[in-house]
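Open the model in your viewer and keep the selection tool at hand. The tour goes from one stop to the next.

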Amino acid sequence: RRFGGVSTREYTHSLGGEATERFTEGKSGAFFYFTHDRRYIIKTASKEEFATLMRILPRYHTHAKRHPHSLINRIVGAHELSLYGQRVRVMVVESCFQASREVHERYDLKGSWVGRGGKMLKSRGDVLKDLDVRSRFLLAEEDARRISRHLREDAAFLKANNLIDYSLLVGVTKTRYEIEGAAQRRDTAVVGSGPGDGAASAPFHRLDSGGLAAAYVEGAELYSMGIIDILQDFNLRKRAEYLIKRFVCCQGKGVSVHPAGEYGDRFVRNVVEALIEPVRLGAEPRVIRGYTPAGSPLGMFDLKQSERRVALGRNRTRAAPVVPHPQQPQPFGAERSGVWAPPRTSPRLVAGALGRHT
């Protein structure tokens with residue numbers, strides 16, 4: 001708190017008022033409170049998370065001092081309370097969003113794709129996930145470069161400390177922009193006074209250059225972001241979960257849980273590079289690992305890269321682009337790109353399954 005310029009008086013003042021309770025949208029079932037000034041979040045924590053915090057605390061403090069612009073959401077307090085004979089552990093973290101600005105959309109981005117959104121939202125306040133992103137974030141080029149650099153430094157720190165399950169929380173504040181001169185565009189259209197008067201006529205819905213002029217456009221005005229939930233260690237329980245989901249349930253590389261090194265690399269690849277980092281001129285089309293619905297930037301596969309050559313005989317091959325169904329598990333034999341490919345088998349069996357179509 002002292003390093004972040006938070007005095008004890010300010011801290012106690014924020015915690016002393018009436019808090020607003022909310023439940024998390026995650027699987028943990030934990031609950032959290034917003035302080036009355038919405039500057040901090042008081043979140044319940046497990047004994048495991050407390051132990052992880054104590055383990056990384058010296059390195060976490062050093063990282064925060066060396067990288068003052070780090071996007072890791074700052075932890076400013078860790079407390080253990082005794083309520084009705086039971087111990088309750090809570091952590092106090094800074095809020096990623098400004099209380100004075102309304103957030104219209106919230107995204108929780110991990111870089112994975114299995115069970116990460118793509119469904120109909122029930123309410124406006126629902127948290128969107130990786131498969132719900134429809135375009136890159138529209139940041140200024142220099143800002144995007146700086147944010148990308150800080151995110152890479154944070155991901156390297158989290159990888160070095162064997163941490164997983166963190167995500168980038170992004171809040172989007174939207175605004176409406178009026179289009180100047182939209183109503184005056186109709187003056188350029190040639191409209192006849194009626195049939196038979198010799199003048200050209202056009203229907204109402206084609207008056208403005210063959211259509212109707214838009215009066216306004218809506219778009220992002222402000223992005224607020226931070227890395228949250230950094231206290232999950234890749235322990236024995238997570239190792240077992242990874243093995244079961246990855247190899248027993250055959251859900252492929254799109255599952256959220258992964259070893260820390262692979263998790264961090266995928267986070268950088270599918271979040272930082274795909275959504276934030278500026279695109280270099282002349283760069284090759286980026287192929288994102290995994291499947292996403294049509295229209296999502298994470299689902300724009302390069303057909304040349306996603307083609308898989310299926311053997312039809314000893315000297316004949318045939319290109320067969322394969323894209324998995326959203327609910328189809330990836331069996332053994334999935335290649336590194338995350339796009340499903342048939343398991344290895346003999347050319348004769350493959351040829352018999354495909355028939356004689358060449």
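Two strands count as paired if DSSP finds at least two bridges between them. Keep that in mind for the first stop. This is a predicted model.

**Stop 1: β8 and β9**

Select residues 167-178, strand β8. Then add β9, residues 216-228. Twelve bridges join β8 to β9, and the two run antiparallel. For one cross-strand pair, pick Val172 and look opposite to Tyr223 in β9.

**Stop 2: the sheet around them**

Now add β6, residues 105-109. You have an open sheet of three strands, in the order β6-β8-β9, with antiparallel pairing. Which strands are the edges? They are β6 and β9, each of which pairs on one side only. Look along the sheet for its twist: the average is 25° from one strand to the next.

**Stop 3: the helix across the sheet**

Select residues 260-276, helix α5. This helix lies across β6, β8 and β9. Compare its direction with that of β8: α5 runs at about 15° to that strand.

**Stop 4: the loop before β8**

Go to Asp165, in the loop between β7 (163-164) and β8. Check its backbone: phi is positive, about 65°, although Asp165 is not a glycine. Is this residue buried or exposed? Asp165 has a relative accessible area of 15%, so it is buried, the cut-off being under 20%.

**Stop 5: the β2-β3 hairpin**

Select 31-34 for β2 and 40-44 for β3. They pair in the antiparallel sense over three bridges. Pick Tyr33 to find Ile42 of β3 opposite. The two strands form a hairpin, with five residues between them.

Within that loop, select Arg38. Here too phi is positive, about 55°, and the residue is not a glycine. Arg38 counts as partly exposed because its relative accessibility is 36%, between the limits of 20% and 50%.

**Stop 6: the other partner of β3**

Add residues 86-94, strand β5. Five bridges join β3 to β5, and they run antiparallel. Select Tyr40 and its bridge partner in β5, Glu94. Now show the surface over β3: the strand is mostly covered, with four of its five residues buried.

**Stop 7: a nonpolar patch**

Finish on the surface. Select Leu243, Ile244, Phe247 and Val248, which make a nonpolar patch of about 370 Å². Leu243 sits in helix α4, residues 236-248. How does Leu243 count, at 46% relative accessibility? Leu243 is classed as partly exposed.

Definitions and conventions: Residues numbered from 1 in each chain as written. Predicted model: local features only at pLDDT ≥ 70, side-chain atom pairs only at ≥ 80, totals over all residues. Heavy atoms only, no water. Buried < 20%, exposed > 50% of the residue type's maximum accessible area, 1.4 Å probe, protein only. Axes fitted to C-alpha atoms, helices over the stretch in contact; angles between N-to-C directions. Contact = heavy atoms within 4.5 Å. Patch = residues over 30% accessible without salt bridge, like charges linked within 9 Å, V, L, I, M, F, W, Y side chains within 5 Å. Areas by Shrake-Rupley, 256 points an atom, 1.4 Å probe, with all protein chains shown as cover. Salt bridge = Lys/Arg side-chain N within 4 Å of Asp/Glu carboxyl O.
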